[in-house]
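Thanks for coming. I'll take the pocket, then one helix, then the core.

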Amino acid sequence: MAIPSSFLSSWADSIRRVCPGDSTTRDTNDIVQFCSRHPLPTITKCFSRLLRYTFEVTFPIQEQIVEAEFPEDSLPVVNDLMKVFDLFIDDAKTLQPSRSLKEAFGEDEYECLLWRSGSLAFMLVSVLFSTNRYPSTDVTKLRGIIDLGISRLKQMLSVRPASSEHVGTAAHTNDISVLIAHNLFSDVHVLALAYQAELNYFGWKLCASTADLAEHAPCYRDSAIDLLLQYDSVVEKVLGPAGWTSDRAKLLLSELGR
């Protein structure tokens, strides 16, 4: 049995909406045919090809939208981008229920997928708040994007948890052991921690200013404080000399009353 045609069709349709054009149509047709011929035991090869193409064609579009600070006419494209990422994360699991998504995609590609989804959610929410556009945004939808970003970034930071072997190897280097203790294996992992913290801050700010959501504000606040303190500690102990700063974290902690 090959990957179901419904999954491949949904993927191809989403990609064509994000990146319309004859070349995209040809490429997606070729990839769909390739994956249709491969049985599920070799599904990793198919997912790898689907993911590589998805990352390749969507990256410049995502970068362009972020640099333009998410103009109103870009929001349908952002929605389609999120659907592409969600298709892999939410729907692909049903194809191989006995395997984790990390096993199906490969560690690096699964991590990249979660990062692309979580960072896109963060950047959208960040712009909506920094430009004061969030009061005119549907509250339920905005909270959903915040929660999605938090979930994706949290998942990303758990893809390769620190093992006793990692910690033992790094024990002689205190700086490295501090990072590994927080599952921070690269600059991107540190950013994921910072983004997750700030998304919780935005969740607190949204709920604290919305009567119907006020009961959820303390949960976001507690999570934001915990994550911001982790980030501040990592920067102060390790990353400061490399040019990292925790000024933003300290500002948010002050706003959160910490």
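**Pocket, helix and core**

The largest pocket holds about 380 Å³ of space. Please keep in mind that this is a predicted model. Lining that pocket are 16 residues, and L75, N79, L124, K141 and I145 are the ones nearest its centre. Helices α4 (75–91), α6 and α7 (139–156) are the elements that each give two or more residues to the lining. With 6 residues, α4 supplies the largest share of it.

Next, helix α2, which runs over residues 22–36. How far apart should its ends be at 1.5 Å a residue? For 15 residues the expected span is 21 Å, and the end C-alpha atoms are 21 Å apart, so the two agree. Within α2, the buried residues are T24, T28, I31, F34 and C35. These cover an arc of only 120 degrees around the axis, and therefore they sit on the same side of α2. On the face turned away from that buried side, we find D22 and R26, both exposed.

Now the core. The largest nonpolar core has 84 residues. Which of them touch the most other members? Those are W11, L50 and F88. Helix α6 (residues 107–130) provides the largest share of this core, 13 residues.

L50 is worth listing in full. Leaving out residues up to four places away in sequence, L50 touches I3, F7, L8, W11, I31, C35 and F88. Two names there come up again from the helix: I31 and C35 are among the buried residues of α2. W11 and F88 also return, having been named with L50 for touching the most other core members.

Notes. Residues numbered from 1 in each chain as written. Predicted model: local features only at pLDDT ≥ 70, side-chain atom pairs only at ≥ 80, totals over all residues. Heavy atoms only, no water. Helix = DSSP H or I, 4+ residues; strand = E, 2+ residues; numbered from the N terminus. Expected span 1.5 Å × (residues − 1). Buried < 20%, exposed > 50% of the residue type's maximum accessible area, 1.4 Å probe, protein only. Arc of directions from axis to C-beta. Core = buried A, V, L, I, M, F, W, Y, C linked by side-chain atoms within 4.5 Å. Contact = heavy atoms within 4.5 Å. 1 Å grid on protein atoms, 1.4 Å probe; cavity = no way out; pocket = protein on both sides within 12 Å on 5 of 7 lines; lining within 4 Å. Points joined across faces, edges and corners; volume = space filled by probe spheres on them.
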